[in-house]
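Open your viewer and keep the selection box at hand. We will go through this one stop at a time.

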Amino acid sequence: MMSRRPGVGRDRPTVTFTFEGRTITARQGQSIAAALLANGVDILTRSFKYRRPRGYTCGFDACPNCPVTVDGLPGVAACTTEVRGGERVHRERGWPSADLDLLRVTDVLSRFFGAGFQFRHFAKHPRLSHLWERVMATVAGAGRLPTPGAARAAQARRVVTASPDVLVVGGGLSGCAAALGAAERGARVLLANRGPLGGRSRVRRHPVDTGADGTLPACEAAQLLARRVAAAEHITVVDGTVVGAFEEGVFPIAEGAVLREVRPRAVVVATGSYELPPLFPNNDRPGVVLADAVRRLIHVDQVVPWRSAVVVTDRAAGHELAAELGEAGVAVRAVADLRARPDFPGTGRVPVLAGARVARVIGRRRVRAIEIEHAGRRRRLPCDLVGVALGERPADELVLQLRYLDAGTTTAVTDDWRPGDGFSGRVTETAWVVGSAAGRGGDLSHAYAIGGRAAEHAARQDPEPPVSGDDS
Amino acid sequence: MLPGVHDGPLARTYDVVIVGAGIQGVGLAYELAKRGVRRIAVLDRSWPGNGASGRNGEMIRSAFSSPEWINLFHHSLRRWHRLSAELDFNVLFSPDGYVVLASTEQQWSNLQRDARTQAAHGLRTELLDAAAMRELLPAANPELVRGGILQRDAGFAHHDAVVWAYLRAAARLGVEVHAGVEVTGVRVSGGRVTGVTTAKGEVSAPIVVNAAGGGALAINAMAGVKLPMVQSRLELLVTEPMRPFLRTAVAPLELLGYCHQTKRGEFVGGTELPYTDQSASLNGTYRLLRDMAAKWVRLFPVLSGARLLRHWAGTVTQYKDLAPVIGEMPGLSGYVVTIGWVYGFMGAPAAAELLAEAIVTGRVSPVLAPFSPQRVIEGRVIAETSLVVASEAA
């Protein structure tokens, strides 16, 4: 039986791995990033050109700030990859190390290296230009190449084909609901999802209306739906990445050593959303962390590497984040609400700075303080976490790809599929979009109904027997 | 608006109208302006470099097998070495070498023959046997390395930078590049071209140049010109940045492929299947993606596990010999084409210069002459065997 709350509790067994020669202990199920943060490692990589320090930021493998090399394979997202035990982990950029990068240009030479500098310097000096390129290739080039063994292990060894009635892409709340809705109508469903089912809802606690089971915190709703999906007879869950949609009607799924070529009769896109990053100087400093990533660390990994925080927000969710941080024992110095008139009354415990503007984040290697303009003066608030809750945008790449495929070509597709009044969720003749990807996060009854519609559509297609096999 | 793109209205009359603001069109406009041609308009239905000029392998060589290709592309290679200085913009040309790779005995013996032809035409290319080539390409699967030709002063450049560089230089000389202006008709009267019709009105010009890349056949049709050519789609992939493992550009004949690694570390590679993909679509296909991934991992095993950053498709117009078609159209005075480019990125600096010369002086350089439209009308082909693009003529 699953525990009521997801997460890596203190009761979990511990495992160890080595990080750049150091032995690190983690609890089973924790992410590599969480284990490193718990051990005081803030800088996980360096930015490509200017070598700025980068650390744990998005928590959902949606940004480039935490790739590490695991057992010789580079580019592994530290934030979503669980510690197995026994692996060897290295950071990838920086000379001699990401921690102490002697080649950083941030402070000293940044004027010389303004954006696009490579097109201006050395135009008249081909030899110098070429020499410079070689220097850049060495110092700025990514230090990532798999070992031969890791490269062999990463290769797809088997190609498997499948033609389900309905392919659901994304296994968050809405994807699970759509899969259940389709299976209910008798469809054979393939649900593709990276990692555990539940998506961002695994780390969230806001109330979600599940219909028959009433209103539950998002993380509990996610567990409930994940159990239903696991129990459903006609739903196959694949832990992999849908590479894209192609004109052959195929959706390849990269699933470790298996490459799955899926040709579904209908598709439901449930790819969720991305959190919006903040725009202020030093917004990339380790310690500037997006809300869901903060929640993931607190609730799932159960690591709290911060003592004091400032939350930057423009919505109620930011005040909820402040409350969650407070519960976790972090001293919240202030909520900087960018709105002139926040809808949040304030609890009195945490100062709310209404109409605030973030001037910059201070700290060379990680966040030390944040400077905020509020009520006509500039205030410097010491903190080691800047939690950011600025809303989300749909992860609609696959939807756009489907639209371009449908249009057949080159001209920009119209926006008429986009959410608005009377939006049905239908993207093309055979594809629908649900959940946050459609701007309808948490609307499970819609997702469920769309799953049913996709199933009906599939049932009307050519009744050829399902092709399923293995051509490896 | 992009820097270099004209923001004023379209005039009613120009001396030359060029259709297509790719590297051929903008490069030609620059070369014409440099030679004193005053009123030049380049019209593009979208924006500069949106076609194959920004969707190619960025590779540059002159080590081909036929005298015609060698002469044209060697002229171009020499221009590439001076281009950044002349245009006052670093196009990031990397003369790190270009390898034509043989995997089979047959390919190896063809390359030995090609090397002799190249030497006879003054090219300094080197034949590297299996051992030397494996040393040059340590990351390559030795099973696919039988030997090859290395052209040390060839390489690759940054394709967007080249279009920007020409665009800036042309704009400084007064060329008007109009983006978002679709040509809907070519006006012809009494065997002469007189201008074009656009979505923004009629434009008169005694010279109209078709430099429309993948869209060239539609422009030809508007002018009443019919040539036995097709539009076809080519695809490429780009990986996330990796530590440098490949310095030279490589064209492995066995894989029908071409690749290089940028200075940022991204691996850029395209392959072909043994047929012409006749399509106007810019959507990437799964069959090519799978082909590219499988072939490149086979040649460079370090690529397995690398994540795909981009996968793009572009279209070209091609004749059966894959050689460009450049010059004034017989029977239609003032209508000039520079089309049929499959190796257009590397050839553009020479073609732009020589075609501008021909338009201004009326004399066609012997380097350009073999690529005349007349050869296509007569059905003649230029036999070039070291290409890595599928063709019915091969």
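How many Å should helix 7 (residues 286-299) of chain B span at 1.5 Å a residue? Select that helix in this predicted model and check its two ends. With 14 residues, helix 7 of chain B should span 20 Å, and its end C-alpha atoms are indeed 20 Å apart, so the two values agree.

**Stop 1: around helix 7 of chain B**

Now colour the buried residues of the helix: Leu288(B), Leu289(B), Met292(B), Ala293(B), Lys295(B), Trp296(B) and Leu299(B). Note that a lysine, Lys295(B), is on that list. To see what these buried residues pack against, show strand 13 (230-239), strand 14 (249-252), strand 15 (257-261), strand 16 (267-271) and strand 17 (308-318) of chain B.

**Stop 2: the two domains of chain B**

Zoom out and give each domain a colour. Domain 1 of chain B takes in 16-54 + 160-228 + 321-377, while domain 2 is made of 95-155 + 230-318. Taken over C-alpha atoms, the centres of these two domains of chain B are 29 Å apart. Where they meet, 11 residues of domain 1 of chain B are in contact with 7 residues of domain 2 of chain B. On the domain 1 side of that contact in chain B you will find 7 nonpolar and 4 polar residues, and no charged residues.

**Stop 3: the largest nonpolar core**

Next, select Val17(B), Val19(B), Val26(B), Ala29(B), Ile40(B), Tyr166(B) and Ala170(B). Of the 141 residues in the largest nonpolar core, these touch the most other members. Both domain 1 and domain 2 of chain B give residues to this core, so the core lies between them. Centre on Tyr166(B) for a closer look: leaving out residues up to four places away in sequence, Tyr166(B) touches Ile23(B), Val26(B), Gly27(B), Tyr30(B) and Leu87(B). Another core, of 63 residues, lies apart from the largest one; among its members are Phe246(A), Ala266(A), Ala437(A) and Leu444(A).

**Stop 4: where the chains meet**

Show both chains together. Their contact takes 32 residues from chain B and 37 residues from chain A. Which elements give two or more residues to the chain B side? They are helix 2 (67-87) and helix 7 of chain B, the latter being the helix from the start of the tour. By class, the side of chain B that touches chain A has 15 nonpolar, 10 polar and 7 charged residues.

**Stop 5: chain A**

Hide chain B for a while. Chain A holds 10 helices and 30 strands, and 46% of its 472 residues are buried. Colour its three domains: domain 1 (14-154), domain 2 (158-274 + 394-470) and domain 3 (288-390). Between domain 1 and domain 3 of chain A, the contact takes 15 residues from the former and 12 from the latter. Helix 1 (residues 32-38) of chain A gives the most to the domain 1 side of this contact, with 3 residues.

**Last stop: Leu197(A)**

Finally, pick Leu197(A), in the loop between strand 10 (189-193) and strand 11 (207-209) of chain A. Is Leu197(A) buried or exposed? Leu197(A) counts as buried because it has 25 C-beta neighbours inside 10 Å. Setting aside residues up to four places away in sequence, Leu197(A) touches Gly171(A), Cys176(A), Ala226(A), Val229(A) and Val237(A). Try a distance label to Gly171(A): 26 residues separate it from Leu197(A) along the chain, yet their C-alpha atoms are 5.2 Å apart.

Technical notes. Residues are numbered from 1 along each chain as its sequence is written. Chains are lettered from A and ligands numbered from 1 in the order in which they are written. This is a predicted model: local features need pLDDT of at least 70, side-chain atom pairs count only at pLDDT 80 or more; totals for chains, interfaces and linings use all residues. Domain bounds come from an automatic or database domain assignment. Two residues are in contact if their C-beta atoms, placed from the backbone, lie within 7 Å. Ala, Val, Leu, Ile, Met, Phe, Trp, Tyr, Cys and Pro count as nonpolar, Asp, Glu, Lys and Arg as charged, and the others, Gly among them, as polar. Helices (H or I, at least four residues) and strands (E, at least two) are DSSP runs, numbered from the N terminus. The expected span of a helix is 1.5 Å times one less than its number of residues. A residue is buried if 20 or more other C-beta atoms lie within 10 Å of its own, exposed if 12 or fewer, and partly exposed in between; C-beta atoms are placed from the backbone. A nonpolar core is a set of buried Ala, Val, Leu, Ile, Met, Phe, Trp, Tyr and Cys residues joined through C-beta atoms within 7 Å.
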